[in-house]
Amino acid sequence: MKTLRLFPDADGLARAAALLAQGAAVAIPTETVYGLAADALNGEAVARIYEAKGRPSFNPLIVHVPDLAAAEAIARFPDPARLLAERFWPGPLTLVLPLREDAGIASLVTAGLSTIGLRVPDQPTARALMRALGRPLAAPSANASGRISPTSADHVLDPDGGLDGRIAAVLDDGPCPVGVESTIIGWPGGRATLLRPGGLAAETIEAVLGQPLARHEGDPSAPSAPGQLTSHYAPRSHLRLNAATPEAHETHLDFGRPGPFSLSDSGDLAQAAARLFDLLRRADALGRPISVAPIPDRGLGAAINDRLRRAAAPRP
Ligand code: TXA
Ligand code: MG
């Protein structure tokens, strides 16, 4: 398969929408990372996502919609969920909610669960595409399973671990400003719970809810917490975390100091999140062990550290 690179003009949007309507998988920009999108109502189209990524089939996918009204046609919104949606959508927040049986979502999307993860991306091209298509899009990150998430169209097409030749097209709208995946909130057992730290700080959500979020615990590879697979976002090189001082043979991702691989010269966590996956890739390409400076565990630092721990975890 030849993978087309499309651009966010009228022609590119029309071609991307036509491919998705035909059941193809197309990589799309979001504010967090590029997603590999398919029509969430079409089981065969969704199967192409799993096929292209080589993804374990028990992982449910996040469904993307253009606005809250479209989300309410797919899931039921308890009051606290509506509060968060009204406050933070469009934006890097996914809500796991009870699925409406009659919404027509392919069961492969939810991996058979009775809940569904929904979000409204803060990315004008993605939302224009969804409006043109008139259908929700299932979209995990557009990388081969277990590899580093893509924050540019070039990453999506990377000959090493990318999807060139495996998907119909990538809609190239430049780099992703947030750079890490969305924060996922659910209500298992009725309690607001942080299921995955991400691009919206947990503290910001807690301030709106007026209560602390429960933190998800349990077996990281269990299907009840899919996506919590321990080894994920893995570079090929060995990765050493909390490295205050780099060894001479390491490529060092610094923080709060200038340097060729600094996540942020000034210690800005949002800048570090936006650069994380790109710098990991560029460091990995040098083929030497990688070390990363300590990153404060507050705000977006929690998402950065979560991704780094997975990237450093033993490979399966
Ligand atoms: O920023 C993002 O969220 C990106 C962009 C493309 O939007 N998407 C993304 O999707 O990260 P994905 O498929 O890589 O993440 C899906 C994760 C699952 O692994 C799981 O943790 C959670 O979302 N999830 C989805 N549906 C769920 C459900 N019904 N119950 C519990 N967790 C769910
Ligand atoms: Mg992913």
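This is a short tutorial dialogue on reading a predicted model, going from its sheets to single residues.

User: Let's start with the big sheet. What is the order of the eleven strands in the open sheet?

Analyst: Reading across, the order is β1-β8-β2-β3-β7-β4-β6-β5-β9-β10-β11, and the pairing is mixed. The edges are β1 (4-6) and β11 (214-215), each of which pairs on one side only.

User: How do I see the mixed pairing around β5? Which way do β5 and β9 run, parallel or antiparallel?

Analyst: Strand β5 (residues 93-98) runs parallel to β9, and four bridges join them. With strand β6 (residues 115-119), β5 also has four bridges, but that pairing is antiparallel. Leu95 is a handy marker here: opposite it in β9 stands Ile185, and its bridge partner in β6 is Leu118.

User: And where do side chains point in a strand like that?

Analyst: As a general idea, side chains in a regular strand alternate between the two faces of the sheet. For a look at one residue in this structure, try Thr183, which is found in strand β9 (residues 183-186).

User: Is Thr183 buried or exposed?

Analyst: Its relative accessible area is 0%, so Thr183 counts as buried, the cut-off being under 20%. The Thr183 side chain also reaches the backbone nitrogen of Gly198, at 3.2 Å. Beyond its neighbours within four places in sequence, Thr183 has contacts that include Pro92, Leu93, Thr94, Leu194, Leu200 and Ile205.

User: What lies across β3 and β7?

Analyst: That's helix α2 (residues 43-53), which runs at about 155° to β3. Underneath that description is a strand pair: β3 (residues 35-39) and β7 (residues 137-138) are antiparallel, with two bridges. In β7, Leu137 is the bridge partner of Asp39.

User: What is the strand order in the open sheet of three strands?

Analyst: The order is β12-β14-β13, with parallel pairing. Here the edge strands are β12 (239-240) and β13 (251-253), each pairing on one side only. Helix α9 (residues 269-285) packs on this sheet and touches β12, β13 and β14; its direction makes about 170° with that of β13. If you want a bridge to inspect, β12 and strand β14 (residues 290-292) pair over two of them, and Arg240 has Ser291 as its partner in β14.

User: How should I describe two helices that pack together?

Analyst: Two packed helices are described by the angle between their axes and the distance between the axes. Take helix α1 (residues 10-21) and helix α6 (residues 124-133): their axes come within 9 Å and cross at roughly 55°. α1 and α6 are therefore oblique to each other, and the crossing is right-handed.

User: Which residues of α1 and α6 meet?

Analyst: From α1 you have Leu13, Ala16, Ala17, Leu20 and Ala21; they meet Thr125, Ala128, Leu129, Ala132 and Leu133 in α6.

User: Last topic, backbone oddities. What's the general expectation?

Analyst: Most residues other than glycine have a negative phi, and most peptide bonds are trans. In this model, a cis peptide bond joins Trp89 and Pro90, with omega about -5°. Pro90 sits in the loop between α4 (79-88) and β5.

User: Where is Asn242 placed, and what is its phi near?

Analyst: Asn242 is in the loop between β12 and β13. Its phi is near 50°, a positive value in a residue other than glycine. Asn242 has a relative accessible area of 56%, so it is exposed, the cut-off being over 50%.

How values were computed:
Residues are numbered from 1 along each chain as its sequence is written. Chains are lettered from A and ligands numbered from 1 in the order in which they are written. This is a predicted model: local features need pLDDT of at least 70, side-chain atom pairs count only at pLDDT 80 or more; totals for chains, interfaces and linings use all residues. Side-chain values use heavy atoms; hydrogens and water are left out. Buried means under 20% relative accessible area, exposed over 50%, partly exposed in between (1.4 Å probe, protein chains only). A polar contact is a pair of N or O atoms within 3.5 Å; within protein, one must be able to donate a hydrogen and the other to accept it, and residues adjacent in sequence count only if both atoms are side-chain atoms. Contact means heavy atoms within 4.5 Å. Two strands pair if DSSP finds at least two bridges between them. Axes are lines fitted to C-alpha atoms, for helices over the stretch in contact, and angles run from 0 to 180 degrees between N-to-C directions. Angles under 35 degrees count as roughly parallel, over 145 as roughly antiparallel, 65 to 115 as roughly perpendicular and the rest as oblique. A crossing is left-handed if the near helix is turned anticlockwise from the far one by less than a right angle, and right-handed if clockwise.
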